Amino acid sequence: VHKGQVLARLMPHTPPHLSWVVPARFAQALQQVRWIKARPVDMPGQQWSVALSSLTSAPATRLPAPALSARRGGAIPVLDNDPQGMTPAEPMIAMQAQLVEPVERVGSRVWLRLELPPQPLGWQLWTRVHELWQAARLGH
């Protein structure tokens, strides 16, 4: 996941929640999330808190919303042979979490910021090299 990548979409449920996907190779890091903040793409000054207690995950075979696919303005590559553009090109984990406060922007795309615990510089470098190697191996 790269800085500034649109990953989530606000879904029309009560209470409102976010749905997003993350490459499965980041599954271990996601277990260490300290907090999550969401910000609407078209309203950079607005920010919402996400309830970590509501965080759920499951393997994803389809994107939660078409707007997340690279074909529709998102950043997630999808399979070329999928006419609807909803099947991710690499294994993904579907995530959902509830927002702490009520919002009026249901259906909009949002930026997510996930806070992870600090890691030693050497470990960060190793992780980044491993991610680049995996991406090259998968053809991304």
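A polar contact is a pair of N or O atoms within 3.5 Å; within protein, one must be able to donate a hydrogen and the other to accept it, and residues adjacent in sequence count only if both atoms are side-chain atoms. One such contact links the side chains of H17 and S19, at 3.3 Å.

Welcome to this predicted model, in which local features need pLDDT of at least 70 and side-chain atom pairs count only at pLDDT 80 or more, while totals for chains, interfaces and linings use all residues. Residues are numbered from 1 along each chain as its sequence is written, and side-chain values use heavy atoms, with hydrogens and water left out.

**Strand β2**

H17 lies in strand β2, residues 17–23. Strands here are DSSP runs of E with at least two residues, numbered from the N terminus. With a relative accessible area of 7%, H17 is buried; buried means under 20% relative accessible area, exposed over 50% and partly exposed in between (1.4 Å probe, protein chains only). In fact, seven of the seven residues of β2 are buried. H17, S19, V21 and P23 sit on one side and L18, W20 and V22 on the other.

**Strand β3**

Here the picture changes: I36, A38 and P40 point to one face of β3 and are buried, while W35, K37 and R39 point to the other and are not. In a regular strand the side chains alternate between the two faces of the sheet.

**How the strands pair**

Two strands pair if DSSP finds at least two bridges between them.

| Strands | Bridges | Direction |
|---|---|---|
| β2 and β6 | seven | antiparallel |
| β3 and β7 | six | antiparallel |
| β3 and β4 | two | antiparallel |

W20 has M95 in β6 as its bridge partner. A38 is partnered by L112 in β7 and also stands opposite W48 in β4.

**The nonpolar cores**

A nonpolar core is a set of buried Ala, Val, Leu, Ile, Met, Phe, Trp, Tyr and Cys residues joined through side-chain atoms within 4.5 Å. The largest one has 17 residues, of which L18, W20, A38, V50 and L112 touch the most other members. At least two residues of this core come from each of β2, β3, β6 (92–98) and β7 (109–115). A second, separate core holds eight residues, including V21, A60, I76 and M86.

**A loop residue**

M43 is found in the loop between β3 (35–40) and β4 (48–49). Its relative accessible area is 28%, so M43 counts as partly exposed. The C-alpha atoms of M43 and V110 are separated by 9.1 Å, with their positions 67 residues apart along the chain.

Key: Helices (H or I, at least four residues) and strands (E, at least two) are DSSP runs, numbered from the N terminus.
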